[in-house]
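User: I would like a close look at a single part of this model, explained for a student in the first year.

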Amino acid sequence: KIEDPVLQEMISHMIQVDPAARLSAQEYLTHWGPQLFPSYFVPQFHDLMASMIPLDTDTRVQVIHEHFKDLQSTMLAPENCVAAFPVASTAARIELDRSGGNEGKE
């Protein structure tokens with residue numbers, strides 16, 4: 001069972017019988033994205049993943065490998081950890097402190 005009422009609402013809207021009543025994928029992201037996805041999802045992850053649709057599997061892995069450090073930095077940025085992953089934010093900050101990622105930041 002899906003407990004999040006916002007996610008329930010979006011899924012209910014997506015599975016309407018009348019296809020004309022459904023939104024496009026971009027409209028779903030625009031309407032429900034800010035409530036359901038971390039702030040970095042649409043500008044960075046969605047665009048990257050969408051750009052990989054026509055690629056073969058090996059090329060997709062290569063692209064992710066090439067962008068991994070940037071993706072990881074975005075996900076572990078303290079402002080994203082607090083907003084998107086409240087439970088994990090303390091662990092992420094500790095890891096950043098250990099790795100020196102917070103030098104000069106307070």
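In which helix do Tyr 28 and Trp 32 lie, and how many residues apart are they?

Analyst: The model is predicted. Within it, Tyr 28 and Trp 32 both belong to helix H2, which covers residues 25–36. Four residues separate the two, about one turn of the helix. Their rings form an aromatic pair, with 5.6 Å from centre to centre and 20 degrees between the planes. The pair counts as stacked because its planes are under 30 degrees apart. The structure holds one aromatic pair, and both of its members, Tyr 28 and Trp 32, are buried.

A second part to consider is Asp 4, in the segment before helix H1 (5–14). Asp 4 has a relative accessible area of 35%, and is therefore partly exposed, a class that lies between the limits of 20% and 50%. Its side chain reaches the backbone nitrogen of Val 6 at 2.8 Å. Asp 4 can also be related to Leu 36: the two are 32 residues apart in sequence, and their C-alpha atoms are 9.3 Å apart in space.

Other buried residues come together in the largest nonpolar core, which has six members: Tyr 40, Phe 45, Leu 48, Met 52, Val 63 and Leu 71. At least two residues of this core come from helix H3 (41–51), and at least two from helix H4 (57–76). Leu 71 illustrates the packing: beyond its neighbours within four places in sequence, Leu 71 is in contact with Gln 44, Phe 45, Leu 48 and Ile 64. In soluble globular proteins, nonpolar side chains tend to be buried together.

Conventions. Residues are numbered from 1 along each chain as its sequence is written. This is a predicted model: local features need pLDDT of at least 70, side-chain atom pairs count only at pLDDT 80 or more; totals for chains, interfaces and linings use all residues. Side-chain values use heavy atoms; hydrogens and water are left out. A nonpolar core is a set of buried Ala, Val, Leu, Ile, Met, Phe, Trp, Tyr and Cys residues joined through side-chain atoms within 4.5 Å. Buried means under 20% relative accessible area, exposed over 50%, partly exposed in between (1.4 Å probe, protein chains only). Contact means heavy atoms within 4.5 Å. Rings of Phe, Tyr and Trp (its six-membered ring) pair if their centres lie within 6.5 Å; planes under 30 degrees apart count as stacked, over 60 as edge-to-face and the rest as tilted. A polar contact is a pair of N or O atoms within 3.5 Å; within protein, one must be able to donate a hydrogen and the other to accept it, and residues adjacent in sequence count only if both atoms are side-chain atoms.
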